[in-house]
Amino acid sequence: MPAPSSIYIHESSYIDANVNIGEGTRIWHFSHILGDVTIGKNCTFGQNVMIGPSVKIGDNCKIQNNVSIYKGITIEDGVFCGPSCVFTNVNNPRAEVERKDEFLDTTVRRGVTIGANATIVCGHELGEYSFIAAGAVVTKNVKPFALMAGVPAKRIGWMSKAGSKLHDDLVCPIDRTEYEETLDGNLVVKEVSTEVSI
C-alpha cells in the first residue's frame, strides 16, 4: 500500500503491518519499522534505524543514523536521538536465557536531546528538555532541563528549552527565558508576574 504523498519512505526501507505514520515524516535508507508502531508528524529517521514493535514516537522527532528503539521505549514530541545512541531493554541479558517478559520501560519526555553514542539504560525516565551529552551513560532517572555527562552520567548543569547551557543567572542567552531552581532541586521556568499596580 503506497504511503500518502506527504510521507517519504526510501525504497530500501521496510515498513511492517499496522504501522501508522504521520504527515510529513521522512524515513531514509535501510530502516525497518516493525509492526504496531505509531510515528507522529514531521519526523525524520536517518539511515539504518530500527523501531521495535508497539513503540510510540511523537511529532517532530529526529532519529539519526544507526539508532534502534526497542519495545518498551516511548519517545514523546520533539526528541532528538543523535547518531548511534543506544537504548537497552533488559538489565541482565544472556543469549541463552529468554527474558522477553523482563523488558523494562523507558520514557523519553518532550524535547529531550540524546547525544551521539550515548547509552540509555532501561527502566528510567528522561525529563523534558534534558540534554544527554555525547557518550554519556544514563543509569538513573534524569530531571527536566538537566545537562548530563560522563560514565555514569551525572548532572553538570542545566539546559534551557532553546538548547543553551544556563549560567548562574539561569537566563537563557538565546531567548532570554528565565528559570529558577525549586526547593527540591528541580529547574522550572520562572513565572512572570501579571499583577498590575494601581
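Which residues does H124 touch, not counting residues up to four places away in sequence? The legends below take up this question and then turn to the whole protein.

**View 1. The surroundings of H124 in the predicted model.** Leaving aside residues up to four places away in sequence, H124 touches D105, T106 and T107, and also T139, K140 and N141. H124 itself belongs to the loop that runs between β17 (119-120) and β18 (125-126). With a relative accessible area of 15%, H124 counts as buried, because that value falls under the 20% limit used for this term.

**View 2. Polar atoms around the side chain of H124.** A polar atom of the H124 side chain lies 2.8 Å from the backbone oxygen of V121, and the backbone oxygen of C122 is found 3.2 Å from a polar atom of that side chain.

**View 3. H124 and T177.** These two residues stand 53 residues apart along the chain, and their C-alpha atoms are separated by 28 Å.

**View 4. The protein as a whole.** The C-alpha trace spans about 65 × 45 × 25 Å along its principal axes, and the protein contains 24 strands and zero helices. Of its 198 residues, 39% count as buried, while the protein exposes about 11,300 Å², of which carbon and sulfur atoms supply 49%. Among the contacts with a separation of 6 or more, 14% are accounted for by residues 24 or more positions apart.

**View 5. The charges of the protein.** The protein carries 18 positive and 23 negative charges, and the mean positions of these two groups are 4 Å apart.

Conventions
Residues numbered from 1 in each chain as written. Predicted model: local features only at pLDDT ≥ 70, side-chain atom pairs only at ≥ 80, totals over all residues. Heavy atoms only, no water. Helix = DSSP H or I, 4+ residues; strand = E, 2+ residues; numbered from the N terminus. Buried < 20%, exposed > 50% of the residue type's maximum accessible area, 1.4 Å probe, protein only. Contact = heavy atoms within 4.5 Å. Areas by Shrake-Rupley, 256 points an atom, 1.4 Å probe, with all protein chains shown as cover. Lys, Arg positive; Asp, Glu negative; His and termini not counted. Charge placed at Lys NZ, Arg CZ, Asp CG, Glu CD. Polar contact = N/O pair within 3.5 Å; in protein donor to acceptor, adjacent residues only side chain to side chain.
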